[in-house]
Amino acid sequence: FKHRMAEPFVVTVPFEGEVSAKDIKMNAHKGQEMDFVLEGSLKIVVDGHEEILYAGDSIFYDSGKPHGMVAAGGTDCRFLAIVF
């Protein structure tokens, strides 16, 4: 699709044990991102703010801010990530 504005991904994050927010690997990139949890739960930190998302939850944020996520709750997490 020529001149597309979004890049969608289905992401699977394996559960690797409970991880504190300070131990989550952070990254940043130009644009915006929307994540929609399909299965499991996702611990996400965006610019120092931590949230736990469950199946059916979504988040939309400035991906230029430091952000990172891990699977939470004892199971793997699958989510749809759309990067703008």
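## Buried or exposed: the words we need

A residue is called buried when its relative accessible area is under 20%, exposed when the value is over 50%, and partly exposed in between (1.4 Å probe, protein chains only). Lys43 is a good one to start with: its relative accessibility is 10%, so Lys43 counts as buried.

Before we go on, note that this is a predicted model, in which local features need pLDDT of at least 70 and side-chain atom pairs count only at pLDDT 80 or more, while totals for chains, interfaces and linings use all residues. Residues are numbered from 1 along each chain as its sequence is written, and side-chain values use heavy atoms, with hydrogens and water left out.

## Salt bridges

A salt bridge here is a side-chain nitrogen of Lys or Arg within 4 Å of a carboxyl oxygen of Asp or Glu. How many salt bridges does this rule give? The count is four. One of them involves our buried Lys43, whose side chain meets that of Glu50 at 3.9 Å, N to O. Glu50 is partly exposed, with a relative accessible area of 40%.

Another salt bridge joins Arg4 and Glu7, at 2.7 Å from N to O. Both partners are in the middle class: Arg4 is partly exposed at 47%, and Glu7 is partly exposed at 29%. Then there is Arg78 with Glu39, where the closest N and O atoms are 3.1 Å apart. Arg78 belongs to strand S7 and Glu39 to strand S2 (residues 32-39), so this pair ties together parts that are 39 residues apart in sequence. Arg78 has a relative accessible area of 30% and is partly exposed; Glu39, at 42%, is partly exposed too. The strand names come from DSSP: helices (H or I, at least four residues) and strands (E, at least two) are DSSP runs, numbered from the N terminus.

## A three-stranded sheet

Strands of a sheet pair through backbone hydrogen bonds, either parallel or antiparallel. For counting purposes, two strands pair if DSSP finds at least two bridges between them. Here three strands form an open sheet in the order S4-S3-S6, with antiparallel pairing. S4 (49-54) and S6 stand at the edges with a single partner strand each, so one side of each has no neighbour in the sheet. From one strand to the next, the twist averages 20° (axes are lines fitted to C-alpha atoms, for helices over the stretch in contact, and angles run from 0 to 180 degrees between N-to-C directions).

Look at S3 (residues 41-46) beside S4: the two pair in the antiparallel sense over six bridges. Which residue is the bridge partner of Val45 in S4? That partner is Glu50. In the loop between S3 and S4 you will find Asp47, which has a positive phi of about 50° although it is not a glycine.

## Strand S5 and its two faces

In a regular strand the side chains alternate between the two faces of the sheet. You can see this along S5, where Ile59 and Tyr61 point to one face and are buried, while Ser58, Phe60 and Asp62 point to the other and are not. S5 also pairs with S2 in the antiparallel sense, over five bridges, and there Phe60 is the bridge partner of Met34.

Phe60 is exposed, at 51% relative accessibility. A search of the whole structure finds one aromatic pair: Phe60 with Phe84, edge-to-face, 5.9 Å centre to centre and with 75° between the planes. The two sit 24 residues apart, with Phe60 in S5 (residues 58-62) and Phe84 in the segment after S7 (77-83). The rule is that rings of Phe, Tyr and Trp (its six-membered ring) pair if their centres lie within 6.5 Å; planes under 30 degrees apart are stacked, those over 60 edge-to-face and the rest tilted. Phe84 is partly exposed, at 41%.

## His67, a buried residue in S6

Is His67, which counts 2% relative accessibility, buried or exposed? His67 is buried, and its place is in strand S6 (residues 67-72). The side chain of His67 reaches the backbone oxygen of Lys65 at 2.9 Å.

Contact means heavy atoms within 4.5 Å. Leaving aside neighbours within four places in sequence, His67 is in contact with several residues, among them Lys25, His29, Glu33, Val45 and Tyr61.

Definitions and conventions: Polar contact = N/O pair within 3.5 Å; in protein donor to acceptor, adjacent residues only side chain to side chain.
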